[in-house]
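Hi,

Here is the structure I promised to pass on. Have a look at it first, and then read on for my notes.

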Amino acid sequence: MNKTIGFIGCGKMAQAIIQGILSSEIVRAEQIIVSANTNETLTVVENKYSVKTTLDNREVASKADLLFLAVKPNLYAEIIKEIADNVKGETIIITIAAGISLSFIESNFGKAVKTVRSMPNTPSLVGEGMSALCVNDQVTSEEVTEVISLFEGFGRAEVVEEKLMDAIPAVSGSSPAYAYMFIEALADGAVMQGIPRNQAYKLASQALLGAAKMVLETGLHPGELKDNVCTPGGATIQAVATLEKYNFRSSIISAMESCTKKSKELSQG
């Protein structure tokens with residue numbers, strides 16, 4: 001991709017995306033320019049990724065063909081006001097914060113801008129991200145394809161209607177946290193049975209990775225894959241029955257409902 005990728009803000013999510021982009025070799029390090037509030041952050045980023053860095057948000061805005069706004073939601077209006085006059089007409093603005101709508105971006109720029117609202121997740125760091133995207137009508141179909149290819153460089157990407165974006169954190173944006181809790185619980189259970197801690201984490205993590213890959217690559221329903229593991233009268237169906245007894249699935253759904261509720265509150269300001 002012969003484009004300059006800019007990042008205003010460079011926290012964990014931005015760094016995960018940068019790592020993913022560089023690992024996929026979609027662009028070279030010299031095609032990425034990053035700004036942050038402190039020299040300390042920029043030094044870390046420059047040393048780790050060998051990208052261009054600056055304290056000047058306007059410099060990033062003026063050079064970027066695809067511009068990630070990677071700051072906290074409450075800073076978006078302030079940052080847009082700062083950079084609005086420096087963004088090129090063909091630049092695609094990409095948001096990564098929960099609750100920041102396409103209309104919010106358009107109204108704060110005060111002019112027509114190409115905008116992509118995205119919700120990536122931290123596994124982008126290891127090339128296994130899941131990103132949901134929605135776009136405004138200023139973005140052409142060719143540009144949508146280009147943005148998708150960028151995001152697919154560090155995982156998978158799906159274009160959804162904006163009305164669904166508040167539900168995305170619960171299912172893919174925040175859900176790695178639930179998965180980490182599940183891995184931790186599996187490992188604790190293994191340690192209780194005498195398995196060393198390091199081996200327990202490896203066994204649990206690979207099992208989840210493999211299970212997810214089975215769903216994605218076989219196209220089979222998760223319920224069918226679960227049934228295939230459960231032999232009649234066996235240990236697995238006993239474990240599944242215990243999970244059902246303690247509301248395993250309903251607990252997850254309830255957690256997702258609370259996550260979505262919070263996302264909607266953020267969207268409403």
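A question to start with: is Glu59 buried, exposed or partly exposed? Keep in mind while you look that this is a predicted model. Glu59 has a relative accessible area of 27%, so it counts as partly exposed. You'll find Glu59 in helix H3, which covers residues 57-63. If you skip the neighbours within four places in sequence, the contacts of Glu59 are with Ile33 and Thr54. Ser35 sits 24 residues away from Glu59 along the chain, with 8.5 Å between the two C-alpha atoms.

Now the overall picture. The chain has 269 residues, and 38% of them count as buried. Its secondary structure adds up to 12 helices and eight strands. Along the principal axes, the C-alpha atoms take up a box of roughly 70 × 40 × 30 Å. Taking the contacts in the chain with a separation of 6 or more, 61% are between residues 24 or more positions apart.

As for the surface, about 15,000 Å² of the chain is accessible, and carbon and sulfur atoms hold 55% of that. On the charge side, there are 24 positive and 30 negative side chains, and the centres of these two sets are 4 Å apart.

On to the sheet. It is an open one of eight strands with mixed pairing, in the order E3-E2-E1-E4-E5-E6-E7-E8. At the edges are strand E3 (52-54) and strand E8 (155-159), each of which pairs on one side only. From one strand to the next, the twist averages 25°. Helix H2 (residues 39-49) packs on this sheet, where it touches strand E2 (32-35) and E3. The direction of H2 makes about 175° with that of E3.

Strand E1 (residues 5-8) pairs with E2 in the parallel sense, over four bridges. Two pairs to look for there: Ile5 stands opposite Ile32 in E2, and Ile8 stands opposite Ser35 in E2. Which residues of E1 point which way? Ile5 and Phe7 go to one side and Gly6 and Ile8 to the other, and all of them are buried. E2 is covered on both faces as well: Ile32 and Val34 are on one side, Ile33 and Ser35 on the other, and all are buried. That puts two of the residues named for Glu59 in E2: Ile33, a contact of Glu59, and Ser35, whose C-alpha is 8.5 Å from that of Glu59.

Over by the E8 edge, strand E7 (residues 129-135) runs parallel to E8, and five bridges join them. One to check is Ser131, whose bridge partner in E8 is Ala157.

Two residues are worth a click for their backbone. Ser50 isn't a glycine, yet its phi is positive, at about 60°. Ser50 belongs to the loop between H2 and E3, and with a relative accessible area of 54% it is exposed. Asn247 also has a positive phi of about 60° without being a glycine. This one is in the loop between helix H11 (235-245) and helix H12 (248-267). Asn247 has a relative accessibility of 43%, so it counts as partly exposed.

While you're at H12, take a look at Thr260, which is part of that helix. How much of Thr260 is accessible, and is it buried or exposed? The relative accessible area of Thr260 is 15%, and the cut-off for buried is under 20%, so Thr260 is buried. Apart from neighbours within four places in sequence, Thr260 is in contact with Asp166, Ala167 and Ala170.

Last stop: Phe109, in helix H5 (residues 102-109). Phe109 counts as buried, at 7% relative accessibility. What does Phe109 touch, leaving aside its neighbours within four places in sequence? Its contacts are Ile80, Ile83, Ala84, Val87 and Ile93. To get a feel for distances, try Phe109 and Val215: they are 106 residues apart in sequence, and their C-alpha atoms are 42 Å apart in space.

That's what I have so far. Shout if you'd like to go through any of it together.

Cheers

Key: Residues are numbered from 1 along each chain as its sequence is written. This is a predicted model: local features need pLDDT of at least 70, side-chain atom pairs count only at pLDDT 80 or more; totals for chains, interfaces and linings use all residues. Side-chain values use heavy atoms; hydrogens and water are left out. Two strands pair if DSSP finds at least two bridges between them. Axes are lines fitted to C-alpha atoms, for helices over the stretch in contact, and angles run from 0 to 180 degrees between N-to-C directions. Contact means heavy atoms within 4.5 Å. Buried means under 20% relative accessible area, exposed over 50%, partly exposed in between (1.4 Å probe, protein chains only). Accessible areas come from the Shrake-Rupley method with a 1.4 Å probe; for residues, only the protein chains shown count as cover. Lys and Arg count as positive and Asp and Glu as negative; His and the chain ends are not counted. The place of a charge is taken as NZ of Lys, CZ of Arg, CG of Asp or CD of Glu.
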